[in-house]
Amino acid sequence: MSDSRGEEEQSGMPEAPGVPKELPRSLCPLCGGLFSDPRILPCLHTFCTACLGHLEPFSDLVLCREDSDSSSDGSWLRGQRQNHQQPLLLSILCPVCDTKVDLPPGGVGSLPTDHVALNEVLLEASQGTGVGLACDLCVDGEAVKRCQACHVCLCHFCCQAHRRQKKTSSHAVVGLQDLKGNARLEKPIHCPSHPSEELKLFCELCDLPVCQACVAGPHRQHPYNMAASVIHKHGDSIRELLKVTQQHVGTLQGALDRIEGVWESLGRRAEVVALEICTFADGYMRAVKEHRDRLLHSLEELKVQRETQLNLQKAQLQQLLLDMQTGVDFTERLLTSGSDLEILLTKGVVENRLRRLHNVDYHSHPVADDRIHFSPQEKGALIHSYEIFGAILNRAADPTKCVVQRKSVGGTPRQSEPVALTLLCQDGSGQQVERGGEPVRVTISHKDRKDWLVVCTAGGANHWPPSHLLWKIPWGRGRIIQENERIE
């Protein structure tokens with residue numbers, strides 16, 4: 001048993017499950033290839049649209065029905081759709097963090113596009129990694145050139161046509177291989193409602209980027225401004241949320257470090273106690289060895305119980321830290337690598353995620369401690385007619401469970417008359433504590449005057465058997481503690 005315990009502790013505190021490995025920013029965590037039409041989930045994880053389409057969606061309505069009826073022919077679900085005008089809300093689970101994601105009515109294709117990831121893909125392709133990039137004009141050909149004026153990638157055929165057209169003949173066209181070392185490759189972002197128009201304006205009322213056609217149409221009466229003019233205000237808002245989230249990341253990391261320290265200390269302390277138990281038991285015969293085995297088993301159970309509490313807290317904080325770090329990394333990358341429009345397009349989902357992370361409640365202090373002691377003077381058990389000493393101490397007196405006993409001699413005590421009381425210390429389960437040394441402080445107040453306190457002197461306090469305390473009642477109508485009454 002000791003060998004297996006040593007191997008477990010040498011390996012360190014176990015990591016929480018579900019922690020993903022770091023991948024290049026241009027690769028999809030699901031398929032492992034370059035992003036294709038990447039979409040951002042509310043948890044700020046990005047995946048290809050096709051990869052998200054392969055995930056199995058679910059609905060709370062369907063789950064509730066499955067709990068009450070094992071029928072799987074779908075007739076009930078179709079009946080619900082006919083009886084209710086409201087569309088069925090479908091959800092998926094994020095493959096990285098298992099966050100529930102409610103899909104918009106348009107499905108995964110209506111999720112926000114990660115334009116920063118698209119830029120990473122473009123940079124990856126320009127590095128000559130062997131992965132072809134599709135032409136932005138014909139889509140069928142493989143891009144080999146890039147127009148610096150139009151910010152589009154062109155194949156050989158489209159490049160020749162681009163140079164023959166009068167409007168674009170003067171544009172500078174360079175090979176993708178010549179773009180190595182660039183930190184960013186600009187690419188126009190077109191309006192989803194008007195594909196021929198670029199997003200250059202920002203509607204202040206709707207809080208989203210728009211194009212010229214949008215301003216002349218659905219947003220005609222809305223106040224708007226150039227995207228470049230409002231990026232500072234909205235960027236500062238995101239930076240404030242990022243600053244608060246970064247503080248949580250530091251706090252979480254510190255909490256995990258403290259848990260790691262307690263976990264290691266708990267293991268070391270358990271080893272010390274196990275060694276004390278073994279040393280004490282070596283001088284006895286079979287009864288002592290049996291008693292030793294019982295103690296070690298109890299110690300292991302206590303250690304496992306507290307380790308389980310620490311491991312659960314660690315897993316929760318690690319997942320929260322991972323969520324926080326993902327939010328910080330994504331937001332930092334968006335603010336440093338994203339264009340003005342890209343920041344504005346993803347501003348809503350980023351702010352929602354950072355606010356949600358900021359409002360998460362967590363405990364930064366370990367939920368368990370390493371207070372385990374072995375006392376060789378305590379009576380252990382009677383084994384094979386041998387009275388064996390030695391016990392593990394992890395119980396403390398609970399003031400709410402302690403009681404006071406008074407011998408009824410005569411009538412009700414009078415003013416200034418000494419009263420002898422006995423305090424019985426009990427633990428949280430109501431069992432009598434069999435070990436002294438606990439500091440005792442008792443306060444008794446008047447039933448009407450809470451500011452009047454009883455002056456008491458203790459005889460034999462902090463010792464076992466139970467302490468005999470001598471209290472003097474300085475008033476005539478004070479409340480007298482009855483026998484076996486609990487001390488609050």
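## Exercises on a predicted model

Q313 is found in helix α9. Helices (H or I, at least four residues) and strands (E, at least two) are DSSP runs, numbered from the N terminus. The model is predicted: local features need pLDDT of at least 70, side-chain atom pairs count only at pLDDT 80 or more, and totals for chains, interfaces and linings use all residues. Residues are numbered from 1 along each chain as its sequence is written, and side-chain values use heavy atoms, with hydrogens and water left out.

### Exercise 1: two residues of α9

Classify Q313 as buried or exposed, then list its contacts.

Step 1. Set the classes. Buried means under 20% relative accessible area, exposed over 50%, partly exposed in between (1.4 Å probe, protein chains only).

Step 2. Apply them. Q313 has a relative accessible area of 6%, so this residue is buried.

Step 3. Set the contact rule: heavy atoms within 4.5 Å. Leave aside neighbours within four places in sequence. Q313 then touches I259, H363, H365, P366 and V367.

Step 4. Repeat for T331, also placed in helix α9 (residues 286-337). Its relative accessible area is 0%, so T331 is buried. Outside four places in sequence, T331 is in contact with L44, I238, L242, V350 and L354.

### Exercise 2: helix α10 and the cores

Find where α10 bends, and state which residues have the most contacts inside the largest nonpolar core.

Step 1. Define the bend: the angle between axes fitted to the seven residues ending at a residue and the seven starting there. Helix α10 (residues 340-358) bends by about 55 degrees at K347.

Step 2. Check burial. K347 is among the buried residues of α10, and so is V350.

Step 3. Define the core: a set of buried Ala, Val, Leu, Ile, Met, Phe, Trp, Tyr and Cys residues joined through side-chain atoms within 4.5 Å. The largest has 55 residues, and I277 and V350 have the most contacts inside it.

Step 4. Assign the elements. β8, α7 (212-216), α8, α9 and α10 each give two or more residues to this core. The largest share, 17 residues, comes from α8.

Step 5. Look around V350. Beyond four places in sequence, V350 contacts L44, I238, F330, T331 and L334.

Step 6. Note the second, separate core. It has 19 residues, including F35, L41, C51 and V108.

### Exercise 3: the cysteines

Explain why C97 forms no bond with C43.

Step 1. Recall the chemistry. A disulfide is a covalent bond between the sulfur atoms of two cysteines. The cut-off here is a pair of cysteine sulfur atoms within 2.5 Å.

Step 2. Compare. The closest cysteine sulfur to that of C97 is in C43, at 3.7 Å, which is too far for a bond. The structure holds 0 disulfides.

Step 3. Take C206. This residue is in no disulfide, and the nearest cysteine sulfur, in C203, is 3.7 Å away.

Step 4. Add accessibility. C97 is buried, at 10% relative accessible area. C206 counts as partly exposed, at 30%.

### Exercise 4: an open sheet

Give the strand order of the open sheet of 3 strands and name its edges.

Step 1. Apply the pairing rule: two strands pair if DSSP finds at least two bridges between them. The order is β9-β8-β10, with antiparallel pairing.

Step 2. Find the edges. β9 (208-210) and β10 (224-226) each have a single partner strand, so one side of each lacks a neighbour in the sheet. The twist averages 35 degrees from one strand to the next.

Step 3. Count bridges. Strand β8 (residues 201-203) pairs with β9 over 3 bridges. C203 stands opposite L208 in β9.

Step 4. Place the helix. Axes are lines fitted to C-alpha atoms, for helices over the stretch in contact, and angles run from 0 to 180 degrees between N-to-C directions. Helix α8 (residues 227-281) lies across β8 and β10, at about 100 degrees to β10.

### Exercise 5: a hairpin

Work out how β11 and β12 are joined.

Step 1. Count the bridges. Strand β11 (residues 373-383) runs antiparallel to β12 (residues 386-393), with 7 bridges.

Step 2. Match partners. I383 has Y386 as its bridge partner in β12. H373 stands opposite L393.

Step 3. Inspect the turn. The two strands form a hairpin with 2 residues between them, and H384 in the turn has a positive phi of about 50 degrees.
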